[in-house]
Amino acid sequence: MHLRFPKAWELPESAATPESAYRNRRAILKTLGFGAAALALAPRGVRATTAGFPTRVNPDYRDPALTPTSYEHITSYINFYEFGTDKASPKINANKGWKTEPWTVEIAGLINNPLKIDANDLVAKMGGAEQRVYRLRCVEAWSMVVPWDGFPLAKLIKLADPKPEAKFVTFSTFNPVGAPGYAGPALDWPYLEGLRLDEAMHDLSFIATGIYGKPIPNQNGAPLRLVVPWKYGFKYGKSIVKIDFVAKQPVNTWQAMQAREYGFYANVNPNVDHPRWTQASERVIGAGGPFGTRQKTLMFNGYEAQVAALYKGMDLRKNY
Ligand code: MTE
């Protein structure tokens with residue numbers, strides 16, 4: 001992995017960092033300076049019932065230049081069309097009795113080890129959860145920084161043991177029709193996303209089970225959701241019930257809805273605008289008042305050094 005950050009930020013791998021530690025850290029940094037910060041940051045244990053908690057901080061994925069967005073913003077400003085098409089409704093509707101524990105996920109398709117497994121058992125099989133801080137950039141031109149807890153997708157793929165014919169992986173969200181809080185038809189359900197197998201195997205690809213060291217809230221995609229930080233947020237399929245290994249490039253939900261605007265790759269690219277708005281900059285949620293401040297968007301959302309090789313020789317304008 002090529003994402004080493006300064007040693008001064010390495011924390012004991014005993015627990016996740018809750019939001020209070022991030023907030024304190026900013027105050028401490030201001031008053032004490034950078035070097036003293038690590039000592040002052042010993043994280044506190046986080047209580048939770050779901051498997052894998054407390055999680056371990058992974059210091060390799062903690063960029064001191066990033067300020068995590070507040071827990072309140074991350075868990076309130078939501079895209080989850082199954083529970084409403086505005087930003088505020090999913091937090092209310094996804095908590096009207098929809099149960100995300102217990103939860104079964106099916107791993108199927110062109111693999112040697114197909115299985116159906118409880119989400120908590122899967123986390124345990126993956127060796128528990130770790131915390132990584134990633135940028136999140138939505139195709140709608142807003143962004144956050146999220147401390148995700150979870151496990152590398154590559155671990156799950158190794159467990160599945162793909163056959164040579166498997167070239168892509170799909171991720172299906174549960175079918176919401178009839179679920180408590182379901183907001184009615186908005187997209188073709190179930191919400192489907194996909195990655196090329198080498199993208200899915202990339203070290204940054206992650207299955208999130210928590211945020212800020214707490215089990216992931218329903219509205220953020222409990223109990224398992226995809227995280228691919230160099231891609232637009234619509235690739236991050238939520239509340240996954242099936243992971244399928246296939247030979248052909250799948251058609252993801254947003255591509256099926258409007259192929260001219262949403263592609264399969266969806267790599268963050270400030271040089272290729274959405275047909276209806278610029279992608280050169282983004283609104284930072286939670287910074288500088290209710291509408292956020294604007295900042296420049298980075299190629300591959302700041303992960304160019306890690307992922308550019310995946311797309312060598314490809315026309316990124318055509319493969320948007
Ligand atoms: N997954 C499902 N099942 N349904 C959705 O509507 N929205 C996507 C993605 N995953 C979506 C989804 C979009 S557009 C984004 S930007 C992210 O989830 C938002 O994740 P967040 O609400 O946790 O920030």
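Reader: What share of the protein counts as buried, and what makes a residue buried here?

Author: Of the 320 residues of the protein, 57% count as buried, a word that stands for under 20% relative accessible area, with over 50% called exposed and anything in between partly exposed (1.4 Å probe, protein chains only). This is a predicted model, where local features need pLDDT of at least 70 and side-chain atom pairs count only at pLDDT 80 or more, while totals for chains, interfaces and linings use all residues. Residues are numbered from 1 along each chain as its sequence is written, and side-chain values use heavy atoms, with hydrogens and water left out.

Reader: Why is Ser281 called buried?

Author: Its relative accessible area is 18%, and the limit is under 20%, so Ser281 counts as buried. Among its contacts beyond four places in sequence are Arg137, Ala141 and Lys296 (contact means heavy atoms within 4.5 Å).

Reader: What makes the link between the side chains of Ser281 and Arg294 a polar contact?

Author: The two side chains are 2.9 Å apart at this contact. A polar contact is a pair of N or O atoms within 3.5 Å; within protein, one must be able to donate a hydrogen and the other to accept it, and residues adjacent in sequence count only if both atoms are side-chain atoms. The value of 2.9 Å therefore falls within the limit.

Reader: Which strand holds Ser281, and how do you know that this strand pairs with E5 and E13?

Author: Ser281 belongs to strand E12, residues 281-284 (strands, E, have at least two residues and helices, H or I, at least four; both are DSSP runs, numbered from the N terminus). Pairing requires that DSSP finds at least two bridges between two strands. Strand E5 (residues 142-152) runs parallel to E12 and is joined to E12 by two bridges, so this pair meets the requirement. Strand E13 (residues 293-296) is antiparallel to E12, over four bridges. Arg283 in E12 stands opposite Trp142, and also opposite Arg294 in E13.

Reader: Why is Gly128 called buried, and where does Gly128 lie?

Author: Gly128 has a relative accessible area of 16%, which is under 20%, so buried is the right word. Gly128 sits in the loop between helix H5 (119-125) and strand E4 (130-137). Beyond four places in sequence, its contacts include Gly52, Arg56 and Phe151. Pro54 is 74 residues away in sequence but 8.9 Å away in space, C-alpha to C-alpha.

Reader: And why does Thr253 count as buried?

Author: Its relative accessibility is 5%, so Thr253 also meets the limit of under 20%. Thr253 is in helix H8 (residues 253-257) and, beyond four places in sequence, touches Leu187, Asp188, Pro190, Tyr191 and Leu192.

Reader: What makes a set of residues a nonpolar core, and which members touch the most others in the largest one?

Author: The members are buried Ala, Val, Leu, Ile, Met, Phe, Trp, Tyr and Cys residues joined through side-chain atoms within 4.5 Å. The largest nonpolar core has 81 residues, of which Leu122, Trp148, Leu153, Phe171, Trp230 and Phe245 touch the most other members. E5 gives the most to this core, with six residues. Among the contacts of Leu153 are Phe171, Leu195 and Ile207.

Reader: How do you know that the ligand has polar contacts with Tyr81 and Thr173?

Author: A backbone N or O atom of Tyr81 is 2.8 Å from a ligand oxygen, and a side-chain N or O atom of Thr173 is 3.0 Å from a ligand nitrogen. Both distances are within 3.5 Å, so both pairs count.
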